[in-house]
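Biologist: Could you take me through this structure step by step, and tell me at each point what a term rests on?

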Amino acid sequence: MDRVVDLYLNEPATRKRWEAFLSQLDIHNFSDREIDVIDHTLGLLDEDGKLVGTGSIAGNVLKYIAVCNKDAVVGARFNKIVTALQQYLFNERIFHSFVFTKLKYSSSFQHLGFTELAHSDQAAFLESGTPNVEDYLDELPKIADQANKKVTAVVMNANPFTLGHLHLVEEASKSNDLVYVFVVATDLSLFNSQERLKLVQAGLKQLKNVVVVSGEDYMVSSATFPAYFLQSPEDLIQTQTTIDARVFKNIIAPKLNISSRFLGEEPKSHTTSIYNLVLKKELEPSIAVKIIPRLELGGELITATQIRREIKAGNLDQIKSFVPETTFEFIESNLAELQQRIKEGMNINGN
Amino acid sequence: MEIKTTGVAGTLESSDIQIMISKGSNGIELDLDSEVKKAYGDQITKVITETLQKFGLENAKVKATDKGALDCVIEARTLAAAQRATETTDEPKLEVL
């Protein structure tokens with residue numbers, strides 16, 4: 001009988017053995033970006049103590065799952081390791097989990113009760129457990145007769161919410177009956193996800209046809225997208241954006257009757273400009289993509305990146321003219337805390 | 001009986017079934033995944049629903065991932081998941097079986 005054991009990757013010998021096993025099975029990316037987020041790793045040992053399977057947990061995501069099927073019933077070890085990973089999550093009171101994997105393994109996970117949310121030619125994104133995407137969509141606020149209304153959506157990280165974001169949503173609000181603003185839930189930004197959501201809600205309160213909600217796990221972020229199974233790291237943005245766009249187009253938009261999506265033009269950020277291009281290609285023609293030029297104030301583009309640099313430098317005066325009153329008040333009263341986060345290594349140059 | 005949390009029992013291994021029970025408001029809403037659904041889907045559904053009714057649950061969302069479990073296994077896993085979901089594991093209601 002195979003048995004499940006804990007693997008502690010911070011032990012060099014264990015780490016080496018684990019990497020060697022995965023390398024045999026054609027997984028070669030062990031970058032810090034992938035490994036640092038792992039909370040726990042399990043291994044499967046055969047009767048001779050040989051490592052024949054492994055899988056890891058990062059938050060609510062299953063990663064680095066691999067099994068050797070030599071001398072075993074096909075599927076048995078895979079089922080065993082996935083069960084053990086889920087058991088670990090259940091003990092942590094996490095009943096909703098995700099997996100990003102190579103497309104060819106999507107069906108293996110579907111056999112274990114996972115539901116595919118989207119796939120591209122390289123990757124598949126699946127979820128398991130409760131509450132699932134249907135529950136998430138059921139819970140979102142809706143308006144009367146929504147099926148016959150003009151509904152659009154804006155997705156933003158809003159780190160933090162600026163007058164540029166406000167402008168984008170105002171444009172969407174003018175030409176639609178209802179606007180969903182999905183705030184990206186990933187917690188890797190200077191402003192944490194709760195702060196970002198609150199500031200977006202506060203900054204858009206005056207717009208009556210706008211609903212601000214968390215994108216939860218369904219706005220797939222490049223920051224957390226696992227890349228270890230991709231052929232090359234360059235495929236990351238492309239793959240992540242394709243998956244993100246397809247979840248939006250095939251699952252989220254139909255249920256909410258969303259027919260368009262508003263994006264901010266991206267002259268400065270490389271990541272976001274690729275994102276916009278792929279999004280347009282994926283979403284159209286069923287969902288119209290409207291790219292709105294960036295708001296300029298006094299000849300200057302407003303970017304959240306610039307705001308974060310001013311926070312680091314402590315230039316409150318510079319910030320004041322680029323953000324709504326509600327964001328400014330928050331920054332003013334939490335300046336020391338925000339600067340402390342930057343000092344502790346929070347990257348402020350990304351998105 | 002009131003559901004207080006999500007309760008899970010069982011594994012994804014051969015001959016077992018994994019049952020996950022969470023709050024619902026529309027009777028017993030069962031989502032069943034099974035390789036033998038065509039042949040035994042009705043029977044599995046009946047066993048799960050009856051076990052929950054005997055236990056005293058009228059509303060619940062149930063996700064069942066079956067790997068060819070026998071009825072007695074399905075009953076036992078359903079009961080265990082229900083007791084975990086209602087946080088009543090300290091008073092096992094074995095008479096349900």
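**Two domains and a partner chain**

Modeller: The domain assignment divides chain A into domain 1 (3-130) and domain 2 (135-343), and please keep in mind that this is a predicted model. Their C-alpha centres lie 31 Å apart.

Biologist: How do you know that domain 1 of chain A and domain 2 of chain A are in contact?

Modeller: Contact requires heavy atoms within 4.5 Å, and by that test 24 residues of domain 1 of chain A are in contact with 22 residues of domain 2 of chain A. The area buried between domain 1 of chain A and domain 2 of chain A is about 1,900 Å², with carbon and sulfur atoms giving 62% of that area. On the side of domain 1 of chain A, the three residues A:Arg33, A:Phe100 and A:Gln122 supply 32% of the area buried against domain 2 of chain A, more than any other three residues.

Biologist: How many salt bridges, and how many residue pairs in polar contact, are counted between domain 1 of chain A and domain 2 of chain A?

Modeller: The rule asks for a side-chain nitrogen of Lys or Arg within 4 Å of a carboxyl oxygen of Asp or Glu, and across this interface of domain 1 and domain 2 of chain A it finds 0 salt bridges. Polar contacts follow another rule, a pair of N or O atoms within 3.5 Å, and here the count between domain 1 and domain 2 of chain A is 8 residue pairs, both residues being at pLDDT 80 or more. On the side of domain 1 of chain A that touches domain 2 of chain A, at least two residues each come from helix H2 (32-35), strand S4 (61-67), strand S5 (96-102), strand S6 (115-119) and strand S7 (123-129) of chain A. Of these, S5(A) gives the most, with 5 residues. Sorted by class, that side of domain 1 has 11 nonpolar, 8 polar and 5 charged residues.

Biologist: Why does the radius of gyration of chain A agree with that of a compact globule?

Modeller: A compact globule of 351 residues would have a radius of gyration near 20 Å, and chain A has 22 Å, so the value for chain A agrees with the rule. The C-alpha trace of chain A spans about 70 × 50 × 35 Å along its principal axes, and chain A has 13 helices and 14 strands.

Biologist: What makes chain B agree with the globule rule?

Modeller: Chain B has 97 residues, for which a compact globule would have a radius of gyration near 13 Å, and because chain B has 12 Å, the two agree. Chain B contains 2 helices and 4 strands, which follow the pattern β-β-β-α-β-α along the sequence.

Biologist: Why is the pair B:Lys61 and A:Asp135 called a salt bridge?

Modeller: The limit is 4 Å between a side-chain nitrogen of Lys or Arg and a carboxyl oxygen of Asp or Glu. The closest N and O atoms of B:Lys61 and A:Asp135 are 2.8 Å apart, so this pair is a salt bridge. Across the interface of chain B and chain A the rule finds 1 salt bridge, while 7 residue pairs are in polar contact, both residues at pLDDT 80 or more. Strand S2 (17-22) and strand S4 (60-66) of chain B each supply at least two residues of the side of chain B that touches chain A, and this side has 3 nonpolar, 7 polar and 6 charged residues.

Biologist: What area do chain B and chain A bury between them?

Modeller: Chain B and chain A bury about 1,300 Å², 52% of it on carbon and sulfur atoms. In chain B, the residues that lose the most area to chain A are B:Leu12, B:Glu13 and B:Met20, together 36% of what that side buries.

Biologist: What makes the peptide bond from A:Thr130 to A:Pro131 worth pointing out?

Modeller: Most peptide bonds are trans. The bond from A:Thr130 to A:Pro131, however, is cis, with omega near -5 degrees, and A:Pro131 sits in the loop between S7 and helix H5 (133-139) of chain A. A cis peptide bond also joins A:Glu284 and A:Pro285, with omega about 5 degrees.

Notes:
Residues are numbered from 1 along each chain as its sequence is written. Chains are lettered from A and ligands numbered from 1 in the order in which they are written. Side-chain values use heavy atoms; hydrogens and water are left out. Domain bounds come from an automatic or database domain assignment. Buried area is the accessible area (1.4 Å probe) that two parts lose on being put together, summed over both. A polar contact is a pair of N or O atoms within 3.5 Å; within protein, one must be able to donate a hydrogen and the other to accept it, and residues adjacent in sequence count only if both atoms are side-chain atoms. Ala, Val, Leu, Ile, Met, Phe, Trp, Tyr, Cys and Pro count as nonpolar, Asp, Glu, Lys and Arg as charged, and the others, Gly among them, as polar. The radius of gyration is taken over C-alpha atoms; the globule rule is 2.2 Å times the number of residues to the power 0.38.
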